[in-house]
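Thanks for asking me to look this one over. My notes follow as numbered points, to be read with the model open beside them.

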2 protein chains.
Amino acid sequence: MLIQTRPDPSPAAHERVYRGLRTRIMHGEIAPGESLTLRGIGREFGVSMTPARESIRRLVAEGALTLSASGRVSTPEITNDRIEELAALRSLLEVELASRALPRAHIALIDRLQSINGGITEMVERHDAVGYIRSNLEFHRALYLRAQAPAMLAMAETVWLQLGPTMRKLYGRLRRSEPPHYHRLIIAALKAGDEPGLRLAVRMDVTQGLRLLTT
Amino acid sequence: MLIQTRPDPSPAAHERVYRGLRTRIMHGEIAPGESLTLRGIGREFGVSMTPARESIRRLVAEGALTLSASGRVSTPEITNDRIEELAALRSLLEVELASRALPRAHIALIDRLQSINGGITEMVERHDAVGYIRSNLEFHRALYLRAQAPAMLAMAETVWLQLGPTMRKLYGRLRRSEPPHYHRLIIAALKAGDEPGLRLAVRMDVTQGLRLLTT
DNA sequence: GACCGGGAAATGTGATCACAAATCTGTTCC
DNA sequence: GGAACAGATTTGTGATCACATTTCCCGGTC
């Protein structure tokens, strides 16, 4: 075999740009309604307009960005109806994912979740909004990875992406020292093998924060 | 006002290409594993590689196409696990959409559904696979449009898109003169305002065919 | 007959450019 | 003072090109 396995020597430029923008959006680092330009993105990542355009198309397709009639791209202004819908989607998808992960949840996973949870508490104390959002999503992703349902997980992440720009705003309205209460319930239900309890805990955790925005 | 309202005078080239490919994939006109080339697409639609590439990026982002490590694009070969997952997603999303549409379902909608249903029967008699798939999706979309949940509908359509290439294969295994049995149940439940019945009928309709593929 | 190798063709990637449309800006006019 | 207009600038779009890599095909070797 002549070809040495090099899994990802230098990701394509459009991939780099895509990943960069994606995590920024998902973590709420871009305000709703903020607008972007192809040349600006290109300059920022040191590439030409071509890869910038491709990454934008991808993000638009995933609902992370909207583009106006004239082709201008910006993060979507989110309405209450849309938030309600996205919260319902999170509930539907993530309850199912958690349920599928339950029979596969070993002790190692529970340890991992508890560790991530500690990180979340730390972020709350530090008032680090981006860190909080990132850790919170990490908690959910760690659990759902056990569901062995990649298409479903991808859909859930797409919903997170669409909610990204409002997450920041959401965080501002949370109680300052709010501990991840429902996360504890999720872990307890996992330990007990309690499926109805797990479903309820996930549903509450997922809709709790978003309810604040719609009222 | 100087600017005359022209809602869509000439859709951008990449949009045309995107729509063209999308409907072909969703209707099952492209076999699983079939591969496409940027130059080929460009030649077919009379455009250069640039719009072809953008539409491909979009479709890949939506899961309608996969691209290999070397960047080659093709329709995804679908495994049984993936089909099971996508069927579960259809079930989750479409049951919810139908449920939300129920309180808004007027007589005009029911008439429309019955009319589409007639078209489906016709397609079955004609052994027109593509027409069958198209009419079937039209039936579901007409119902879900009443749910007033655009983000959720978009997700459901994404799942249809991902199932597209296997729809054709599925059709081949259906009984020749199979009438849209569960569609009748859906319409009956709508008329009766029977929510549990509607949820069940949609779940059965959505998973019925796909079950054939996994066994 | 099957496997391997090398060269030719095909393919994806990214940069650059021209062009049209949209946006911005500074000035003028009421 | 504020609205309207015209020119300048910015921006998205799509075509074209060069380049590196991959894929394909044909001939040779064991």
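1. A good place to start is B:Arg39, where a polar side-chain atom lies 3.0 Å from a base nitrogen of DNA strand C. B:Arg53 also reaches a base of this strand, with a polar side-chain atom 2.9 Å from a base nitrogen. Please keep in mind that this is a predicted model.

2. The backbone of DNA strand C is contacted as well: a phosphate oxygen sits 2.6 Å from a polar atom in the side chain of A:Ser48. Two or more residues apiece come to the surface near DNA strand C from α1 (13-26) and α3 of chain A and from α2 (38-45) and α3 of chain B. α3(B) gives the most here, with three residues.

3. How many residues surround DNA strand C, and which are the closest? There are 19, and A:Ala13, A:His14, A:Ser48, A:Thr50 and B:Met49 are the closest of them. Of the atoms of DNA strand C that come within 4 Å of the protein, 65% are accounted for by sugar and phosphate. By class, the residues of this surface are seven nonpolar, seven polar and five charged.

4. Turning to DNA strand D, I would look at its phosphates. B:Ala13 uses a backbone N or O atom, which lies 2.4 Å from a phosphate oxygen of DNA strand D. B:Ser48 uses its side chain, with an N or O atom 2.5 Å from a phosphate oxygen of that strand. From chain A, a polar side-chain atom of A:Arg57 lies 3.0 Å from a phosphate oxygen of DNA strand D.

5. Which elements give two or more residues to the surface near DNA strand D? They are α2 (38-45) and α3 of chain A, along with α1 (13-26) and α3 (49-61) of chain B. With three residues, α3(A) gives the most to this surface.

6. The wider surroundings of DNA strand D comprise 18 residues, of which A:Arg39, A:Met49, B:Ala13, B:Ser48 and B:Thr50 come nearest. Sugar or phosphate makes up 63% of the atoms of DNA strand D within 4 Å of the protein, and bases make up the rest. This surface divides into seven nonpolar, six polar and five charged residues.

7. A:Arg57 deserves a second look, as it also appears between the protein chains. Its side chain meets that of B:Glu54 in a salt bridge, at 2.4 Å from N to O. Across the interface of chain A and chain B there are six salt bridges, and twelve residue pairs are in polar contact, counting pairs with both residues at pLDDT 80 or more.

8. Which parts of chain A touch chain B? The elements giving two or more residues to that side are α3 (49-61), α4 (80-101) and α7 (150-173) of chain A. α4(A) supplies the largest share, ten residues. In terms of class, the side of chain A that touches chain B has twelve nonpolar, four polar and ten charged residues.

9. Finally, the extent of the protein–protein contact: 26 residues from chain A and 26 residues from chain B take part. The two chains bury about 2200 Å² between them, and 66% of that is on carbon and sulfur atoms. A:Arg57 returns here together with A:Glu85 and A:Met155: these three supply 28% of the area that chain A buries against chain B, more than any other three residues.

Note on methods:
Residues numbered from 1 in each chain as written. Chains lettered and ligands numbered in written order. Predicted model: local features only at pLDDT ≥ 70, side-chain atom pairs only at ≥ 80, totals over all residues. Heavy atoms only, no water. Contact = heavy atoms within 4.5 Å. Buried area = accessible area lost by both parts, 1.4 Å probe. Salt bridge = Lys/Arg side-chain N within 4 Å of Asp/Glu carboxyl O. Polar contact = N/O pair within 3.5 Å; in protein donor to acceptor, adjacent residues only side chain to side chain. Helix = DSSP H or I, 4+ residues; strand = E, 2+ residues; numbered from the N terminus. Nonpolar A, V, L, I, M, F, W, Y, C, P; charged D, E, K, R; others polar. Near = heavy atom within 4 Å.
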